[in-house]
Number of protein chains: 2
Amino acid sequence: MKDVADLASVGTITVSRVLRTPEKVSEAKRNRVQKAIEQLGYVPDNTAGALSSNKSRVFGAIVSTVNDSVFAQTLDGLSSTLRAAGYELLLTSTNYDPALEEDALRALLARRPDGIVLTSTSHSSGVKNLLKSVNIPVVEIWQLPSQPLDIAVGFSNFQAGYDMARHLIGKGKKNIAFIGGNERGNDRGRRRRDGYIAALADAKLPPIIWPSEEQGSPSGIELGAAVFEGCLKVNPAINALMCVSDQVAVGVICEAKRRGVEVPGGLSVSGFGGFELAMSSGFDLTTIEIPGREIGVASAKALLNPEAARAKKVIDVGYTLVERGTT
Amino acid sequence: MKDVADLASVGTITVSRVLRTPEKVSEAKRNRVQKAIEQLGYVPDNTAGALSSNKSRVFGAIVSTVNDSVFAQTLDGLSSTLRAAGYELLLTSTNYDPALEEDALRALLARRPDGIVLTSTSHSSGVKNLLKSVNIPVVEIWQLPSQPLDIAVGFSNFQAGYDMARHLIGKGKKNIAFIGGNERGNDRGRRRRDGYIAALADAKLPPIIWPSEEQGSPSGIELGAAVFEGCLKVNPAINALMCVSDQVAVGVICEAKRRGVEVPGGLSVSGFGGFELAMSSGFDLTTIEIPGREIGVASAKALLNPEAARAKKVIDVGYTLVERGTT
DNA sequence: ATTAACCTTGGTATCGATACCAAATCAAGA
DNA sequence: TCTTGATTTGGTATCGATACCAAGGTTAAT
């Protein structure tokens, strides 16, 4: 920066101002500085800037996985919105292991981010203390906790689960099973299941949950394929499967076709998430569509303007129950 | 850090050493320092450390999209391997727009990363100059360029495309079309297509490519569904579709079922990528499986140990042609 | 012509760590 | 006991920007 300043015959501080608040510098000097920057191929050093201004222009994200297509849309929205505003994203994934969250957070905080995004909503006390001691916006996404740490952006997984169960009940189904969502660390799936349980209770129907908490189980498509041996064999009366995710639902449908079970005639199937495959040119799956990208964009806005977001505290982006051919 | 040093009655530099090279500090002082760190809830400031040591312990990644499941595995492998070594990942996505690459790179370099990962392999001269002027490892992934900028980790999309076309030819198909892969910025898809063209030329068969470069087209599943109207109608003799990705192949298969076209009887279909759905509990799709996570892990290792990686220059992780029920 | 208010500009201290060098301590062998 | 080399420790300068404050220049009103 000194070199640029010398070449343009100005003080270093003027160079700094050209980069951050160009409107406060006279046009003549601004042009000289910009030419010098170009000529020297100067790339500012943000680590130094972060140190002196106490603003890193970086946000941290701790996600349970990047390996989920709807979830990836959130990341996409988050990162593009932030980058448009001149910020970058430090990404860390915990692979659904809550024990890693504190470590990951500590590592992130060492980079002094200007804010944090978390996909989990249940946190260890260590995590809570760390977040309380730093004074930066914290956005929890994809699930609306009753007591957000700071700001929350998402939708009610409980209500969505409830609605979907009501939809199946409305179709005249009496033996509806809920498939999946019992992995530890997956509080979103669990909330959906709770919504399902509540809806069935309201309709005075018995809930059927598979696999049970204790059983280890495959996940995603494999889980859907395993349903026929593991769940329908035990309870052949089941005529509707409400799956915790579209992936599971797709596994169910593939296996149903293989076995000649008619969908939705013999078995109704619903998904959750709205991943590309669910749509009509794919499986034509009844599902809950989540505006994944919008969650990312809204969280980015919350990070960039925490005061406005804190006024709301909870930003509900909603969801859409899309009825298609499988129910 | 000063506070910690005072509380433990040592110099600040000793605190620094406890954090970075604990084996060089006597056990007594090390314990005192660690207790003081705990007691004060001290979280080191890496921005300051980066400034003075010229090492940020952060790597930058510029990806074309996070929104692709096999690709997400790469990110996953990359980020977990780096985090295990005490590094973090700064993620930026260009959404397949090559024009954004230079901006994104500039923004990343301002954060002074210790290395860069790029998913694209064709770069503007601005990008090349920037990368040349910084002296950090640069890893290009998912495609092996003939002239890597520095280090490359991936596999030959050309060879994989060639192999898959050979496979279809070996099944006795004579009218094989290649579907997709003409989006600008997607050099990987293009290389697969080139492999297909070469294989057909070697077998003296005419290549059929759809959609053509000029036409705009939907992508992913939608594209697969559109094949029947857009491609097979024009050329009903086609009896095998080699799709640029599993997503496209899945779209084809769904639409084929809807139209009562038998797969592989009437139409063979192959995919590319090995996304979860392709496997036998899903679509039972013949595809090229890419070790996505391994690419991530190998790139992380290359970043962490560039000297060793530079000795090889190009790290080929290979691929597997998995023959299943659709061909 | 003078004064006040505003805008533009630059000097210097500072952010919180690490690098580099020098001093102090320790262990082992003469 | 003294010397030597290895190990442990601390002081001080430094990384490259920004914050803060003060000074000079300009404009408009009196």
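## Chain A at a glance

In chain A, residues 24 or more positions apart make up 68% of the contacts with a separation of 6 or more, a contact being heavy atoms within 4.5 Å. This is a predicted model, where local features need pLDDT of at least 70 and side-chain atom pairs count only at pLDDT 80 or more, while totals for chains, interfaces and linings use all residues. As for bookkeeping, residues are numbered from 1 along each chain as its sequence is written, chains are lettered from A and ligands numbered from 1 in the order in which they are written, and side-chain values use heavy atoms, with hydrogens and water left out.

Chain A has 13 helices and twelve strands. Both are DSSP runs numbered from the N terminus: helices are H or I with at least four residues, strands are E with at least two. Along the principal axes, the C-alpha atoms of chain A fill a box of roughly 85 × 45 × 35 Å. Of the 327 residues in chain A, 55% count as buried; that means under 20% relative accessible area, with exposed being over 50% and partly exposed in between (1.4 Å probe, protein chains only).

## A four-stranded sheet in chain A

Chain A has an open sheet of four strands, in the order β7-β6-β8-β9, with parallel pairing. At the edges sit β7 (208-210) and β9 (268-270) of chain A, each pairing on one side only. From one strand to the next the twist averages 20°. Two strands count as paired if DSSP finds at least two bridges between them. In chain A, β6 (residues 176-179) and β8 (residues 240-243) run parallel and are joined by four bridges. Across that pairing, A:F178 stands opposite A:M242 in β8(A).

Two helices go with this sheet. Helix α9 (residues 187-202) of chain A packs on the sheet and touches β6, β7 and β8 of chain A, its direction making about 170° with that of β6(A). Helix α8 (residues 157-170) of chain A lies across β6, β8 and β9 of chain A, and runs at about 165° to β8(A). For these angles, axes are lines fitted to C-alpha atoms, for helices over the stretch in contact, and the values run from 0 to 180 degrees between N-to-C directions.

## A buried strand in chain B

Over in chain B, take a look at strand β5 (residues 151-154). B:I151 and B:V153 point one way from β5(B), B:A152 and B:G154 point the other way, and all are buried. In a regular strand, side chains alternate between the two faces of the sheet.

β5(B) has parallel partners in β4(B) and β11(B). With strand β4 (residues 138-141) of chain B there are three bridges, and B:E140 has B:A152 in β5(B) as its bridge partner. With strand β11 (residues 314-316) of chain B there are also three bridges, and here B:V153 is partnered with B:I315 in β11(B).

## Around DNA strand D

DNA strand D is surrounded by 22 residues, the closest being A:S16, A:Y42, A:S52, B:T14 and B:S26; a residue is near a molecule or strand if one of its heavy atoms lies within 4 Å of it. By class, this surface has ten nonpolar, eight polar and four charged residues. Here Ala, Val, Leu, Ile, Met, Phe, Trp, Tyr, Cys and Pro count as nonpolar, Asp, Glu, Lys and Arg as charged, and the others, Gly among them, as polar. Helices α2 (12-20) and α4 (46-53) of both chain A and chain B each supply at least two residues, and α4(A) gives the most, with five residues.

Of the strand D atoms within 4 Å of the protein, 70% belong to sugar or phosphate and the rest to bases. Polar contacts are pairs of N or O atoms within 3.5 Å; within protein, one must be able to donate a hydrogen and the other to accept it, and residues adjacent in sequence count only if both atoms are side-chain atoms. A side-chain N or O atom of A:S52 is 2.4 Å from a sugar or linking oxygen of DNA strand D. Phosphate oxygens of DNA strand D lie 2.5 Å from a polar side-chain atom of B:T14 and 3.0 Å from a backbone N or O atom of B:G11.

## Around DNA strand C

DNA strand C is also surrounded by 22 residues, and the closest are A:T14, B:M1, B:S16, B:Y42 and B:S52. For this strand, α4(B) gives the largest share of the surface, five residues. Of the strand C atoms within 4 Å of the protein, 69% belong to sugar or phosphate and the rest to bases.

A polar side-chain atom of B:S52 lies 2.4 Å from a sugar or linking oxygen of DNA strand C. Backbone atoms reach the bases: an N or O atom of B:A48 is 3.2 Å from a base nitrogen, and one of A:S52 is 3.3 Å from a base oxygen.
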